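Student: I would like to go through this model and ask, for each label, what it rests on.
Tutor: Then let us look at it and set each value against its definition.

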Amino acid sequence: MSDVINNKDHHRYELEVEGHLATEHYKLDGNVITFEHTDVPKELGGKGVGSKLVQGALDQVRAAGLKLIPECPFVKAWIEKHPAYADLVKS
């Protein structure tokens with residue numbers, strides 16, 4: 001699997017796997033990033049691609065010093081399962 005990249009022109013994080021593109025769509029407002037929607041192609045379902053995408057995106061959010069609003073249910077659930085990332089959520 002390749003690394004997660006931030007496609008700023010399209011406002012999404014991307015992870016290409018086996019010729020398919022998984023994406024995490026966001027909007028950025030100052031130092032707050034809102035994750036709106038996770039899209040993992042059905043061909044990649046059940047392979048942990050969504051989790052790898054979210055973790056890679058959140059690592060970049062942390063490195064950039066941003067705060068997160070997890071509107072996407074997948075991201076919200078992922079953070080609940082990985083409390084080490086809970087500090088990124090805007091209170």
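Tutor: A place to begin is a bridge between two strands: Leu28 has Ile33 in β4 as its bridge partner. Keep in mind that the model is predicted.

Student: What makes β3 and β4 a pair of strands?

Tutor: Two strands pair if DSSP finds at least two bridges between them. β3 and β4 are joined by 7 bridges and run antiparallel, so by that cut-off they pair. Tyr26 and Phe35 in β4 also stand opposite each other. The two strands form a hairpin with 2 residues between them, and Gly30 in the turn has a positive phi of about 65°.

Student: How do you know that β2 and β3 pair, and in which sense?

Tutor: β2 and β3 have 6 bridges in the antiparallel sense, and the cut-off is at least two. Leu15 stands opposite Ala22 in β3. Here too there is a hairpin with 2 residues between the strands; Glu18 in its turn has a positive phi of about 50°.

Student: Why is the pairing in the sheet called mixed?

Tutor: The sheet is open, has 5 strands in the order β1-β2-β3-β4-β5, and its pairing is mixed. The antiparallel kind includes β1 with β2, joined by 3 bridges; one of the partnerships there is Ile5 with Glu14 in β2. The parallel kind is found between β4 and β5, joined by 4 bridges, with Lys67 in β5 as the bridge partner of Val32. Parallel and antiparallel pairs are therefore both present, which is what mixed refers to.

Student: What makes β1 and β5 edge strands?

Tutor: β1 (5–7) and β5 each have a single partner strand, so one side of each is left without a neighbour in the sheet. From one strand to the next, the twist averages 30°.

Student: Which helices touch the sheet, and at what angles?

Tutor: α1 packs on the sheet and touches β1, β2, β3, β4 and β5; its direction makes about 140° with that of β2. α2 lies across β3, β4 and β5 and runs at about 120° to β5.

Student: Why is Asn7 called buried?

Tutor: Asn7 is in strand β1. The cut-off for buried is under 20% relative accessible area; Asn7 has 17% relative accessibility, so it counts as buried. Leaving aside residues up to four places away in sequence, Asn7 touches Arg12, Glu14 and Tyr26.

Student: Why is the Tyr13 and Tyr26 pair called tilted?

Tutor: The count of aromatic pairs comes to 3. For Tyr13 and Tyr26, the distance is 5.2 Å centre to centre, with 45° between the planes. Centres must lie within 6.5 Å, and planes under 30 degrees apart would be stacked and over 60 edge-to-face. The distance therefore qualifies as a pair, and the angle falls under neither of the other two names, which leaves tilted. The pair links distant parts of the chain, with Tyr13 in strand β2 (residues 12–17) and Tyr26 in strand β3, 13 residues apart. Both tyrosines, Tyr13 and Tyr26, are buried.

Student: Which residues form the ring cluster?

Tutor: Ring pairs link Tyr13, Tyr26 and Phe35 into a cluster.

Student: How do you know that α2 has a buried side?

Tutor: In α2 (residues 73–81), the residues Val75, Trp78 and Ile79 are buried. They cover an arc of only 100° around the axis, which puts them on the same side of α2. Pro73, Glu80 and Lys81 are exposed, on the other side of α2. An α-helix has 3.6 residues a turn, so residues three or four places apart point the same way.

Student: What do the buried residues of α2 pack against?

Tutor: They pack against β3 (20–29), β4 (32–39), α1 (49–63) and β5 (67–70). Val75 touches Glu24, Phe35, Thr38, Val54, Leu68 and Pro70, not counting residues up to four places away in sequence.

Student: Which residues of the largest nonpolar core touch the most other members?

Tutor: Of its 23 residues, they are Tyr13, Ile33, Phe35, Leu58, Val61, Leu68 and Val75. Two or more residues of this core come from each of β2, β3, β4, α1 and α2. The largest share, 6 residues, comes from α1.

Definitions and conventions
Residues numbered from 1 in each chain as written. Predicted model: local features only at pLDDT ≥ 70, side-chain atom pairs only at ≥ 80, totals over all residues. Heavy atoms only, no water. Buried < 20%, exposed > 50% of the residue type's maximum accessible area, 1.4 Å probe, protein only. Arc of directions from axis to C-beta. Contact = heavy atoms within 4.5 Å. Phe/Tyr/Trp six-rings, centres within 6.5 Å; stacked < 30°, edge-to-face > 60°. Core = buried A, V, L, I, M, F, W, Y, C linked by side-chain atoms within 4.5 Å. Axes fitted to C-alpha atoms, helices over the stretch in contact; angles between N-to-C directions.
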